[in-house]
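Here is a short tour of one chain, meant to be read alongside the coordinates. Have the viewer open and follow along.

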Amino acid sequence: GLDATIADHVQKVLDRGYAVIVESENRKPKQSSAPKEKRIEGRPISEKISSRRFHPTNLGVALIEGYSKMKVPGMATPDLRKQMECDISMISEGRQDAQKVISE
């Protein structure tokens, strides 16, 4: 199915250098008024919690800015991928004509 290709899409974005994954550590504040120490997943709230995030590279930013300057609708948004996946599903189910989709 198409949902399985999302991981491939994310990997291509990384491989092509449009974004990098950055690790950040956030410290959650302790609630001093609580009589008992609050815990998340067995760890005190005051412990550092790592999170992974996408961060665009200069190349990624330039690509998005280029699409915006070219006034290509949807190229810089997730809507294009969503629409393409919808069209492909409809073609595979026989509810949409492939040539019509390609011409649009």
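Let us begin on the surface: Arg 52 is exposed, with a relative accessible area of 58%; exposed means over 50% relative accessible area, buried under 20%, and partly exposed in between, using a 1.4 Å probe and protein chains only. This is a predicted model, in which local features need pLDDT of at least 70 and side-chain atom pairs count only at pLDDT 80 or more, while totals for chains, interfaces and linings use all residues. Residues are numbered from 1 along each chain as its sequence is written, and side-chain values use heavy atoms, leaving out hydrogens and water.

**Salt bridges**

- Arg 52 meets the side chain of Glu 23 in a salt bridge, at 3.4 Å from N to O; the term asks for a side-chain nitrogen of Lys or Arg within 4 Å of a carboxyl oxygen of Asp or Glu.
- Glu 23 belongs to strand β1 (residues 19–27) and Arg 52 to strand β4 (residues 48–56), so this pair ties together parts that are 29 residues apart in sequence.
- Like its partner, Glu 23 is exposed, and its relative accessible area is 54%.
- The count of salt bridges comes to 2.
- Glu 93 and Arg 95 also form a salt bridge, with their closest N and O atoms 2.8 Å apart, and both residues are exposed.
- As background, side chains of opposite charge can pair when their charged atoms come close.

**Fold and confidence**

- The chain has 4 helices and 4 strands, where helices (H or I, at least four residues) and strands (E, at least two) are DSSP runs numbered from the N terminus.
- Along the sequence, these elements follow the pattern α-β-β-β-β-α-α-α.
- Of the contacts between residues at least 6 apart in sequence, 58% join residues at least 24 apart; a contact means heavy atoms within 4.5 Å.
- Mean pLDDT for the chain is 76, and 70% of the residues reach 70 or more; pLDDT is the predictor's confidence in each residue, from 0 to 100.
- Helix α2 (residues 58–70) has the highest mean pLDDT among the elements, 89, and strand β2 (residues 39–40) the lowest, 57.
- Where pLDDT is low, the predicted coordinates should not be read in detail.

**Surface and the nonpolar patch**

- Only 9% of the 104 residues are buried.
- The chain exposes about 8600 Å², with carbon and sulfur atoms supplying 55% of that area; accessible areas come from the Shrake-Rupley method with a 1.4 Å probe, and for residues only the protein chains shown count as cover.
- Met 70, Val 72, Met 75, Leu 80, Met 84 and Ile 88 form a nonpolar surface patch with about 510 Å² of accessible area together; patches take residues with over 30% relative accessible area and no salt bridge, joining like charges within 9 Å and nonpolar side chains (Val, Leu, Ile, Met, Phe, Trp, Tyr) within 5 Å.
- Helix α3 (residues 78–92) gives the largest share of this patch, 3 residues.
- Met 70 lies in helix α2 and is exposed, at 56% relative accessible area.

**Helices α2 and α3**

- Leu 59, in helix α2, counts as partly exposed because its relative accessibility is 47%.
- Leaving aside residues up to four places away in sequence, Leu 59 touches Arg 16, Gly 17 and Tyr 18.
- The C-alpha atoms of Leu 59 and Ala 19 are 8.1 Å apart, although 40 residues separate the two in sequence.
- The 15 residues of α3 should span 21 Å, and its end C-alpha atoms are 22 Å apart, which agrees; the expected span is 1.5 Å times one less than the number of residues.
- Just after α3, Gly 94 takes a positive phi of about 80 degrees.
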